[in-house]
Amino acid sequence: METDTIFAVSSGAGKAGVAVVRVSGPASARSVERLAGSVPPARVASVRSIRGRNGEAIDKGLVLWMPGPASFTGEDCVEFHVHGGRAVVAGLIEALSGFHGLRAAEAGEFARRAFANGKLDLTEVEGLADLIDAETEAQRRQALRQLEGRAGRVFDTWRERLIGILALCEAGIDFADEDDVPAGVSGQVGPAIADLCAEMARELADGGRGEMIRDGVTVVIAGEPNVGKSSLINALARRDVAIVSELPGTTRDAIAVRLDLAGVPVTVVDTAGIRETADAIETEGVRRARDHAARADLVLWLVERGTEQNGDLAVGGSEAWFVETKVDVRGGEAGLLTDDRFGISAKTGSGIAALIEALATWIGDRVGSGTDSLITRARHRTETMTALAALERAGRLDYVADGDLVAEELRAAANALGRITGRIDVEDVLDAIFGQFCIGK
Ligand code: GDP
């Protein structure tokens, strides 16, 4: 049975100068022949009239013919670069839908075919998704590195080394009755396991840098009612150098703005407004504020100078800074006071720049500079930890007496690493990974 040929608009929605419609699958050649008169030379942009089924021109545009397997999906692909008007795109899509064997692509289906055809491993697919979502420079750099296969190669190399160690062990098991082999084999297995363990542990001890760049950081503004929480978030939001986007889905009980600090997306959440209503709701409000604070990477605990500094919300594992507010009326200095204490006035703006700078430094310290993190997602971390745990168990066993057990642990470790790149057994995560893409990717 022939695979379906899929098509989709791969450029963004809405009108634009140019729209790109992408087709992938065995009927690509047939569709380009019908629409553009003939199949253009491979990998050369050709200007063609693009005609619908009744022969009427839909538009004049560029046609790119990319025969498989040297294409993004590994299949025959064609791209139509047409004028990005709604009617042009609709006309082209309508013409493609009319061809036998062609259908509209599902979200992430081009990438899924690229994965299925061995063009991208799973970490590269994830890098691609991250690159499309990247909002900051650090995110873009990290995503591109991953898309280029740097992470995948490390995981694959680890896995190959594990398989090598496994082969040594199996040789040991096979030759266990003979005198000469086991000594040599067990002499190599131990150090090889120890080396690999050390490398994995080193990558895991990265302070969560990669995930921090990818997922961003949450800073929660907390404190008593009227202390100046909303005013601070407004003051932060007015620094348009810092703002990168409005946050969708912000709830009524918490207002958030998104800042780009040191290349990391920072979500600043204001818990103001949740304690202003009737008493019955107040308890719930406090609970939510605690919740937010407990999940934050950093809590800014706002206090008015001279008032009781009740920092109980700040506890719960999160780091907290104290910010004295309203220095214009309450007195005291603005700016950095001590390591974790600031003075600000949202009204005059004094101390705000120092606070932003300290936040950027704090984040910069956490994400480091220049050193790339191998691990960028919880999925990678979990599997790497599984692999390391199995490997450490193997390392504690006797390779000669317990050869079978060692081999079993090594296989478990290799499987965990194989799941990261998608070399093995990943059906369960594929839908989640490809589902993050938009249609047309
Ligand atoms: P929240 O309840 O903690 O969000 O506090 P708000 O931001 O709503 O501020 C409470 C009141 O304090 C408002 O009347 C603000 O105008 C005032 N306020 C906030 N920040 C400052 C400041 O830096 N200086 C002065 N003078 N007033 C402020």
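Helices and strands here are DSSP runs, numbered from the N terminus. Keep in mind that the model is predicted.

**Exercise 1. Find the loop that holds Ala-262, and work out what is unusual about its backbone.**

Start with the place: Ala-262 sits in the loop between β9 and β10. Now check the backbone angle: phi is positive for Ala-262, about 55 degrees, although this residue is not a glycine. Most residues other than glycine have a negative phi, and most peptide bonds are trans. Last, look at exposure: the relative accessible area of Ala-262 is 44%, so it counts as partly exposed.

**Exercise 2. Look for another residue with a positive phi, then for a cis peptide bond.**

Go to the loop between α1 (28–36) and β3 (46–51), where you'll find Arg-43. Its phi is positive, about 55 degrees, and Arg-43 is not a glycine either. With a relative accessible area of 44%, Arg-43 is partly exposed.

For the cis bond, move to the loop between β4 (57–66) and β5 (77–84), which contains Pro-69. The peptide bond joining Gly-68 and Pro-69 is cis, with omega about 0 degrees.

**Exercise 3. Describe how the protein holds the ligand.**

Step one is the shell: 15 residues surround the ligand, and the closest are Asn-226, Lys-229, Ser-231, Asp-328 and Ala-346. By type, the shell splits into five nonpolar, five polar and five charged residues.

Step two is the polar contacts. On the backbone side, an N or O atom of Lys-229 lies 2.8 Å from a ligand oxygen, and a backbone N or O atom of Ser-230 is also 2.8 Å from an oxygen atom of the ligand. On the side-chain side, an N or O atom of Asp-328 comes to 2.7 Å from a ligand nitrogen.

Step three is burial: the ligand taken alone exposes 570 Å², and the protein buries 72% of that. Finally, ask which elements contribute: α9 (229–238) and α11 (327–330) each give two or more residues to the shell. The top contributor is α9, with three residues.

**Exercise 4. Map the largest nonpolar core, and place Trp-321 in it.**

First, size it up: the largest nonpolar core has 32 residues, and those with the most contacts inside it include Val-219, Leu-300, Trp-321 and Leu-355. Next, trace where the residues come from: among the elements supplying at least two each are β7 (217–223), β11 (298–304), β12 (319–325) and α12 (352–367). The largest share, eight residues, comes from α12.

Now zoom in on Trp-321. Beyond its neighbours within four places in sequence, Trp-321 is in contact with residues including Leu-300, Trp-301, Phe-342, Leu-355 and Trp-362. Apart from this core there's another, of 29 residues, among them Leu-391, Ala-407, Ala-413 and Ala-414.

**Exercise 5. Decide whether His-380 and Ile-163 are buried or partly exposed, and find what lies around them.**

Begin with His-380, which is in helix α13 (residues 378–396). Buried means under 20% relative accessible area; His-380 is at 0%, so it counts as buried. Leaving out residues up to four places away in sequence, His-380 touches Thr-123, Glu-126, Gln-146, Phe-155, Leu-374, Ile-375 and Ile-420.

Then take Ile-163, found in helix α6 (residues 150–174). Its relative accessible area is 39%, so Ile-163 is partly exposed. For a partner far along the chain, try Leu-410: Ile-163 and Leu-410 are 247 residues apart in sequence, yet their C-alpha atoms are 7.6 Å apart in space.

Terms used: Residues are numbered from 1 along each chain as its sequence is written. This is a predicted model: local features need pLDDT of at least 70, side-chain atom pairs count only at pLDDT 80 or more; totals for chains, interfaces and linings use all residues. Side-chain values use heavy atoms; hydrogens and water are left out. A residue is near a molecule or strand if one of its heavy atoms lies within 4 Å of it. A polar contact is a pair of N or O atoms within 3.5 Å; within protein, one must be able to donate a hydrogen and the other to accept it, and residues adjacent in sequence count only if both atoms are side-chain atoms. Accessible areas come from the Shrake-Rupley method with a 1.4 Å probe; for residues, only the protein chains shown count as cover. Helices (H or I, at least four residues) and strands (E, at least two) are DSSP runs, numbered from the N terminus. Ala, Val, Leu, Ile, Met, Phe, Trp, Tyr, Cys and Pro count as nonpolar, Asp, Glu, Lys and Arg as charged, and the others, Gly among them, as polar. A nonpolar core is a set of buried Ala, Val, Leu, Ile, Met, Phe, Trp, Tyr and Cys residues joined through side-chain atoms within 4.5 Å. Buried means under 20% relative accessible area, exposed over 50%, partly exposed in between (1.4 Å probe, protein chains only). Contact means heavy atoms within 4.5 Å.
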